[in-house]
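Me: Please go through this structure with me as questions and answers. I would like the reasoning first and the value or name at the end.

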Amino acid sequence: MTIGLTHYLVVAAVLFCGGLFTMMTKRNAVGILIGVELVLTSSILNFVAFDRYLGKGRVDGQITGLFIIVLAAAEAAIAVAICINVYKNLSTVDVDRATRLQG
Amino acid sequence: MNGHSYELALAAGVLSPLFSFWALVFLGPRMGKPIAGWFGVILGMGVPLAMAAYVLLGWLGLDAAARAQLTVNAIRLHWAYLGSVPVTIGVKLDSLTVAMFFMVTFIAFWIFFFSVGYMAGHSDEVDHQSKYHRFFAYLSLFGFSMLGLVVSSSLLFLFIFWELVGLCSYLLIGFYFDRQYATRAAMKAFITNRVGDFGFIIGLMLVYFHLHTLDLDEAARNFAAQHASGTGIFANTFALFGFALPTLMGIGLFCGAMGKSAQFPLHVWLPDAMAGPTPVSALIHAATMVAAGVYLVARVFRLMTPDALMFISTIGCLTLFLMALIAIVQTDIKKCLAYSTLSQLGYMIFGLGCGAWIAALFHLITHAFFKAMLFLGSGQVIEGCHHEQDMRKMGGLIKKMPVTGITFLIGVLAIAGFGIPGTSIGLGGFFSKDEILAVAYARAFQWDDVKKFESSHERGGEEHHSTENTPQQNGELNDPKSKVRMAKIESGEQFRLVSDEPPHKAAAASPETTEPEHSAHRMASIFAGTKPLPSWMFWLAIATAYITPFYMMRAWWMTFMGKPRDEHVHHHAHESSLMFIPLIVLAGGTLVSSYFLFRPLIADASAVASAAPMVLATDGAVHTQAISAAHHWLEYGVGFAFAIGFIFAIAIYARGLEIARRIQNLFFVWPVHALLVHKYYIDEIYDLVWVKGCLLVANICRFFDTWIVDLVFDTLAAGTERLAAFSGLVLDNHGVDGVVNGVASTSMDVSDVLRGPQTGRIRNYVLFAAGAATMIIVLLLWVGVRSATAVTP
Amino acid sequence: MKSEERRLKIEMGTVHMVCPSRSSPFALRSCFSVGALFLSFASTAFASAGTAIDRGVMTAAPAGKLEWLLFNLVAGGVVASVIGVCVSRNIVRMAVWLFICLGSVAMLYFMLAANFLGAIQLIVYAGGTLVLLIFGVMLTSKSPWVRWEAPLVEMIAAGVVCVTLLVSLWAVLLRTTWSGLESVSPGASLATIGEKLINVYLVPFEVAGVLLMIVMVGAAHLARQEE
């Protein structure tokens, strides 16, 4: 009943697949963003788990996780700004209706 | 003496202008015209002045031991850590600070006061907003920065306030920012100061890197310790232009002073800075800001090596002589004063370089008084003459503005060094300049005596005293009897006051450093550069002492005496009543001449300076024998200088400008005159070297770009064009088109098929990508399972 | 769901922020508050537990059953909330589930002795980013309860792909043996992380700073009021 690396990786896989599913099925731009966040979280979890079990005391995995969080925050900020902009232009955040750039 | 009340008072005095600044920034427009000004006067300088007076009075009542105790006990807060080195924040409480603080606040207060009336007519509106309150906001910010600079205990904070002072000078010089010459002058001042500050930063880095601290006292202690043991910065063999690293550190720090105090190669900004309002000229460019440079050198004096001091005295000497010459030919009343300021700053720097620490600072303070008054007087004249600054159009104004004329004359007498030799009667400039010259003389001509004394001195002392303000010594200094005698004795001589003691005992009591034997060889190498002062420096300084009265009297005579040369100007001239209060007060200050107040204070503080380990031959007990002899005949020489200069000036200008015009047209004078009028063409040289140089490099690059790079590409392009034409005719039409058409029709068909999945929806693409990845993983897994089963039996 | 709206006129009068009305579902609020309470208690407990493990105070118990129990609890929370995100149709509910999910993951970090990262996850992710998302929802939706769903076919395809992917990943994980598993590295102190950040990772650290600044400017620019 020891909890090992694999356990965490499985949880991360669940997170990843859940995020993927969310991205694939939501039409709301913010919903897609939520999916992306899930995927990013799963990658951080992977990094941290590997760092704990294979890292030999180096904290590289944790630091990478830190950078991913920074990246995610930045990405969320930009994405929300884009959403607001899209909403201003199209009065909706339904990605299916944001087709102005489509040929 | 109650704890830290003096420090707190000084800190409150520093912060009050800051509060005034913010209040004026936000509430200024609502306060309206006179109220914003009075607000600035009271909070911006009135409170600091009150604090300064409180501290000064308390300080004068203390005996030396108590002062030293206060200096040592001063609070140091740890503001931040650079690595493991704490950056401290605190008030440097010693006699120099108290004297400077009082001087700055006192002069600035009266200039603020003057501005209330003066700026009412000079702050024109920009964008329907009066700039009146803005002026006082800037002045308050300036007060904050300057006072902060004075009280800073750490080089880092000194530097921060230093930069703030630079910013304020930029804002105030460019106050009339809708006039192009003002913005240009502001820019010039700022950039020139940056050049100096670059050196300052290098110096700071060296201090931090080698002395491991930015605290003034601690840096000096570490410097002395490293010097004694030959470690640290003294173990470094790096040299540049033949200067060792400790010297470079000193020169770097001095570079900052060169920028701010406008020393010779970097002096160009100060005359242009007269573009600001006249109170600004008085406050910043005469009395206080330019003093910051001198103050800095005085503060870091303990980090200076003899080589660095020689550098400093050379620069100061060049400045004082060259600028005095320019002042002779100036016709703009403010510029004439500006060049005289430059020359006097040169005196101070020269004095510091010679080791006349006390004399230089004393000169700084006396000069601040009379120069502020002169500038305010010139402001009064300019105001009265309807913004006419050309002295050639003035003349005979003494009848129209008697108060201004007389106070101006007092300033002229003071700067010329008026005094009666052999007595203690005289104005401030008389004593301070005389002292500087006496030290210079001793260093130039009595070097052997100095050396002799030094060697006997070295035998006398065994202990290395790095502590400053040893109570015993301060006790001697503060002895009321000694004050009177000190008035007659040169700066370095205070130790002679105890002449009934044997000389070696006096030396042992002084904080002078004596070197442990094991570092003797190092001493030899460091002091290899220690030489007597070149005699030409002394002669230049003496010559300038004769020139100064001449040009000052010239300016006064041209402005106030003689016949009116421009009827229009003369007709309108008037004197406004409120504004001459500051003039009279400052004239009083000049007359009573701070001598009895500031001279002992600075002499007290000089204990700090004479603790400088490297400056064996320059200050302290060393000159004792040498100077006393030189002093007397110098006193007469300088004492009569003003008379000779005045006589020449009056002889030439008494009957209008005719004689002067004839002189300047003499065949051997006019090239010199042209050189002086054009300020040695330094601005032109800078323009040629830096501005034109940049343009030249840019032009070379452009030439390379247009003629070489473009040519290559043009040739390539033409060749490609030919090739394309050929291939288009032959290959394209016949060969390629057929293929392309075939491909096109095929891809049409294919794209019809492929268009289905191309929905343009991101989620579908994600689906495809994930599906593909999944398939690959499944595939690999399958292969893996198969191979694994194949391998395992 | 009723889309009663109350418009709050924000300064300048152009951006209308739409808040859920008084009749906003009770469940939502309770979801938030219960979730927040749960997270705060649990994260405190986990953080102290993690610290205790690192200090060697609690070596015996967590290595055995307690750790197993905790892991299953938290991992169950993660899985449940992920499923919640996937199946929610309502965007606000999705955000709430995401909140719970990120918080539970933070607890996993605590269990992995990555205390600092867990704290950051709670502060930046579950705090900042989520608030941002909710603002995004509020600002961009006339009614927060709008549902747009993909066509059923796509839903099924996505489900198939994701489940396949999950199963195959699981299979890969089960079949992998990791070398070097015998030593579990102890939790890193904040000082170690900080030191590493400004030594080894100095350049990425600086770049991240620059990135954040660009993002700040960019976001402000994108979302600014049209003149």
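Me: At roughly what angle do helix H2 of chain A and helix H5 of chain C cross?
Reply: This is a predicted model, in which local features need pLDDT of at least 70, side-chain atom pairs count only at pLDDT 80 or more, and totals for chains, interfaces and linings use all residues. Residues are numbered from 1 along each chain as its sequence is written, chains are lettered from A and ligands numbered from 1 in the order written, and side-chain values use heavy atoms, without hydrogens or water. Axes are lines fitted to C-alpha atoms, for helices over the stretch in contact, and angles run from 0 to 180 degrees between N-to-C directions. The axes of H2(A), residues 29-54, and H5(C), residues 115-140, come within 11 Å, and they cross at roughly 170°.

Me: What is the orientation of H2(A) relative to H5(C)?
Reply: Angles under 35 degrees count as roughly parallel, over 145 as roughly antiparallel, 65 to 115 as roughly perpendicular and the rest as oblique. The crossing is at roughly 170°. H2(A) and H5(C) are therefore roughly antiparallel.

Me: How many nonpolar, polar and charged residues are in the contact of H2(A) with H5(C)?
Reply: Contact means heavy atoms within 4.5 Å. The H2(A) side includes A:Leu33, A:Glu37 and A:Ile44, and the H5(C) side includes C:Gln121, C:Tyr125 and C:Leu133. Ala, Val, Leu, Ile, Met, Phe, Trp, Tyr, Cys and Pro count as nonpolar, Asp, Glu, Lys and Arg as charged, and the others, Gly among them, as polar. By class the contact has ten nonpolar, five polar and one charged residues.

Me: How many helices and strands are there in chain A?
Reply: Helices (H or I, at least four residues) and strands (E, at least two) are DSSP runs, numbered from the N terminus. From that end the elements of chain A run α-α-α. The count is three helices and zero strands.

Me: What percentage of the residues in chain A is buried?
Reply: Buried means under 20% relative accessible area, exposed over 50%, and partly exposed in between, with a 1.4 Å probe and protein chains only. Chain A exposes about 3,500 Å², of which carbon and sulfur atoms supply 64%; such areas come from the Shrake-Rupley method with a 1.4 Å probe, and for residues only the protein chains shown count as cover. Of the 103 residues in chain A, the buried part is 65%.

Me: What percentage of the residues of chain C counts as buried?
Reply: Chain C has eight helices and two strands, in the order β-β-α-α-α-α-α-α-α-α. Its exposed area is about 12,700 Å², with 71% supplied by carbon and sulfur atoms. Of its 227 residues, the part that counts as buried is 37%.

Me: How far apart are the axes of H3(C) and H4(C)?
Reply: Two packed helices are described by the angle between their axes and the distance between the axes. H3(C) covers residues 65-87 and H4(C) residues 91-111, and they pack at about 155°. H3(C) and H4(C) are therefore roughly antiparallel. The distance between their axes is 8 Å.

Me: How many nonpolar, polar and charged residues does the contact of H3(C) with H4(C) have?
Reply: In H3(C), the residues in contact include C:Glu67, C:Phe71 and C:Gly77, while those in H4(C) include C:Trp97, C:Cys101 and C:Met111. By class the contact has 15 nonpolar, four polar and one charged residues.

Me: Which residue in the loop between H4 and H5 of chain C has a positive phi?
Reply: The residue is not a glycine, and its phi is about 65°. Its relative accessible area is 3%, so it is buried. The residue is C:Ala113.

Me: How far apart in space are B:Phe136 and B:Phe21, C-alpha to C-alpha?
Reply: B:Phe136 lies in helix H5 of chain B, residues 132-151, and is buried at 0% relative accessibility. Leaving out residues up to four places away in sequence, B:Phe136 touches seven-listed neighbours such as B:Leu24, B:Val41 and B:Phe112. B:Phe136 and B:Phe21 are 115 residues apart in sequence, and their separation in space is 7.7 Å.

Me: What distance separates the C-alpha atoms of B:Ala99 and B:Leu361?
Reply: B:Ala99 is in helix H4 of chain B, residues 95-122, and is buried with a relative accessible area of 0%. The two residues are 262 apart along the chain, and the distance is 9.8 Å.
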